[in-house]
Amino acid sequence: MTSDYVRIFDTTLRDGEQSPGCTMHLHEKLEVAKQLARMGVDIIEAGFPAASPGDWEAVNQIAKSVGTADGPVICGLARAVKSDIEACATAIAPAAKKRIHTFLSSSDIHIEYQLRSTREEVLAKTREMVRLASSLCADVEFSPMDATRSDIEFMYQMLAIAIEEGATTLNIPDTVGYSTPEEYAALLRGIIENVPGAGDVIISTHCHDDLGLAVANSLAGVRAGARQIECTINGIGERAGNASLEEVVMALETRKQFYGLSTNIDTTQLTPSSRLLSACTNTQVPPNKAVVGANAFAHESGIHQDGVLKHRMTYEIMSAESVGQDGNALVLGKHSGRHAFRHRVQELGYSFDEATINHLFARFKDVADRKKYVDDRDVEALITDEAGRPSPVYELEHVQFASGVNAIPTATVRMRGPNGEVKIESAQGTGPVDAVYSAINKVVLTPVTLLEFAVNAITEGIDAVGEVSVKVVEGKHKHVRGVLTEKATDAKVWRGNGVNVDIIVAAAEAYVGALNKLLKARQERLKQETTARMEVASAAPGVDLFGGSTLGRYE
């Protein structure tokens with residue numbers, strides 16, 4: 001099925017979230033999903049519903065809130081397993097447009113060592129599970145995992161069976177990032193030419209970046225006839241990551257005369273999307289990252305500066321504005337009003353309700369009172385920091401600290417906890433941050449281990465807005481340079497982010513943010529456990545509701 005339109009299938013919330021350290025919580029996934037819809041992606045792969053109750057809930061909530069009639073297709077991933085496919089179907093059910101994406105390994109190395117199976121059994125399983133999926137959902141995508149290392153004739157058989165049983169999209173994954181553009185293009189052309197019915201379905205790319213070729217392979221795939229690209233914001237994903245959404249989109253846009261293809265993406269939303277995801281995952285985008293990196297439109301060389309000042313296209317093949325980076329030098333300040341702030345937030349590509357705008361405006365005024373100029377980077381830092389915060393269990397109302405040469409660092413915090421109770425605690429430490437964290441620990445009374453503490457200046461100058469990101473794990477654990485010892489490697493890592501002109505305050509906000517995520521997750525687990533016990537009790541009266549806790553099973 002060929003045309004000049006390429007569907008963008010975003011798997012940030014599924015494959016992207018599998019990137020180590022990039023796990024997101026429900027409210028973060030919802031924010032990212034809404035931004036993906038705003039950007040115009042065609043399909044959102046919202047998660048892997050069978051992986052855990054939390055993943056099922058996230059996919060279900062995204063299907064309800066983002067899966068509108070005029071919104072994107074909401075897709076869930078499922079192994080070629082009956083229970084996976086059924087869980088996926090129930091999770092995506094609320095969406096107006098929905099898709100089940102099921103997969104099964106096709107390479108001999110996977111069949112022998114991972115599946116412990118045979119080619120005949122794999123073909124039978126393909127037929128059975130694609131048939132089941134198509135009976136539950138009209139839109140079914142099938143992927144032969146490790147396609148680029150598979151026997152081509154055997155894979156043709158698998159794909160032909162998938163089409164016979166109702167698959168509407170065939171995704172050809174370079175699962176381990178092994179292929180080259182020439183090989184990948186030839187593989188897709190062979191499928192289109194040799195698999196019966198391939199011309200009547202969508203062929204999709206799914207390329208990993210182990211050799212740095214994910215974007216190149218994806219673009220070679222569409223040149224060969226693929227009309228769907230699977231990709232992620234910032235290129236996050238397993239191991240070295242996936243094809244970067246912003247790069248494939250801007251390649252098709254910037255080189256439209258060469259490719260002759262188009263997408264539905266609002267390219268001005270690329271940078272806001274990148275920054276939102278960066279805040280939600282606490283992973284910094286490299287400065288030299290194509291399209292959305294801080295240096296993507298920066299020029300230091302005198303020759304380049306001279307050329308750009310004379311005509312920007314001498315050294316820029318796209319404009320900063322076209323990808324959502326504002327070239328406007330107009331800045332906000334302490335005299336700016338709420339209307340101007342709201343308008344600027346909207347110009348930056350964000351949409352919030354009035355309560356959130358009011359809260360952001362209060363934080364903006366606090367920053368504006370302490371620095372002369374507040375530019376777009378400051379505003380976006382506040383926005384992305386706000387998006388990454390859960391509804392608080394504890395609120396930091398006041399923090400005060402003292403430190404200096406030959407002084408004992410001390411800190412006092414005032415925090416509002418559950419049920420509105422206010423607590424004040426003081427502590428000493430090896431430095432002001434340690435003292436603040438010790439005081440917070442006295443209030444929260446939840447033992448944690450601080451694995452990582454990172455500081456980043458958002459803007460330049462002595463009054464720069466500072467961003468602090470932290471990683472913590474529940475309980476006291478030994479670690480070396482942020483890596484847990486062997487006995488604690490399964491401990492859940494929680495991230496927090498803080499933005500403030502005062503770096504110690506930002507550090508406090510980041511730490512409280514991480515603790516709030518930990519405590520909210522604990523509350524959710526207890527709620528799920530209580531619900532499960534009540535269901536058991538109603539089904540079997542007399543069963544001990546509190547025998548054998550399952551707390552932490554789905555960590």
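Two residues are in contact when heavy atoms of theirs lie within 4.5 Å. Keep that cut-off at hand for the exercises below, which all use a predicted model.

**Exercise 1. What share of the contacts with a separation of 6 or more joins residues 24 or more positions apart?**

Step 1. Take the contacts in the protein chain with a separation of 6 or more.
Step 2. Among these, pick out the pairs that are 24 or more positions apart; they account for 68%.
Step 3. For the wider setting, the chain has 555 residues, of which 51% count as buried. Its secondary structure comes to 17 helices and 16 strands.

**Exercise 2. Trace the closed barrel: how many strands does it have, and in what sense do they pair?**

Step 1. Follow the order E1-E2-E3-E4-E5-E6-E7-E8, which gives a closed barrel of 8 strands with parallel pairing.
Step 2. Now look at the twist: neighbouring strands of this sheet are turned by 25 degrees against each other on average, direction ignored.
Step 3. Zoom in on one pair. Strand E5 (residues 140–145) runs parallel to strand E6 (residues 169–174), and 2 bridges join them. Phe142 has Leu170 in E6 as its bridge partner.
Step 4. Add the helices that pack on the sheet. Helix H5 (residues 119–136) touches strands E4 (98–105) and E5, and its direction makes about 175 degrees with that of E4. Helix H9 (residues 245–254) touches strands E1 (7–10) and E8 (228–231), at about 150 degrees to the direction of E8.

**Exercise 3. Which residues have the most contacts inside the largest nonpolar core?**

Step 1. Find the core, which has 92 residues.
Step 2. Read off those with the most contacts inside it: Phe142, Leu170, Ile172 and Ile191.
Step 3. See where the core comes from: helix H6 (residues 152–164) gives the largest share, 9 residues.
Step 4. Check the surroundings of Leu170. Beyond its neighbours within four places in sequence, Leu170 contacts Phe142, its bridge partner, and other residues including Leu159, Ala162, Ile163 and Val201.
Step 5. Do not stop there: a second, separate core of 32 residues includes Val468, Ile504, Ala506 and Leu515.

**Exercise 4. Do strands E10 and E11 pair in the parallel or the antiparallel sense?**

Step 1. Locate strand E10 at residues 410–416 and strand E11 at residues 422–428.
Step 2. Their pairing is antiparallel, over 7 bridges. As one example, Thr410 stands opposite Gln428 in E11.
Step 3. Finish at the turn of the hairpin, where 5 residues lie between the strands and Asn419 takes a positive phi near 65 degrees.

Definitions and conventions: Residues numbered from 1 in each chain as written. Predicted model: local features only at pLDDT ≥ 70, side-chain atom pairs only at ≥ 80, totals over all residues. Heavy atoms only, no water. Pairing = 2+ DSSP bridges. Axes fitted to C-alpha atoms, helices over the stretch in contact; angles between N-to-C directions. Core = buried A, V, L, I, M, F, W, Y, C linked by side-chain atoms within 4.5 Å. Buried < 20%, exposed > 50% of the residue type's maximum accessible area, 1.4 Å probe, protein only.
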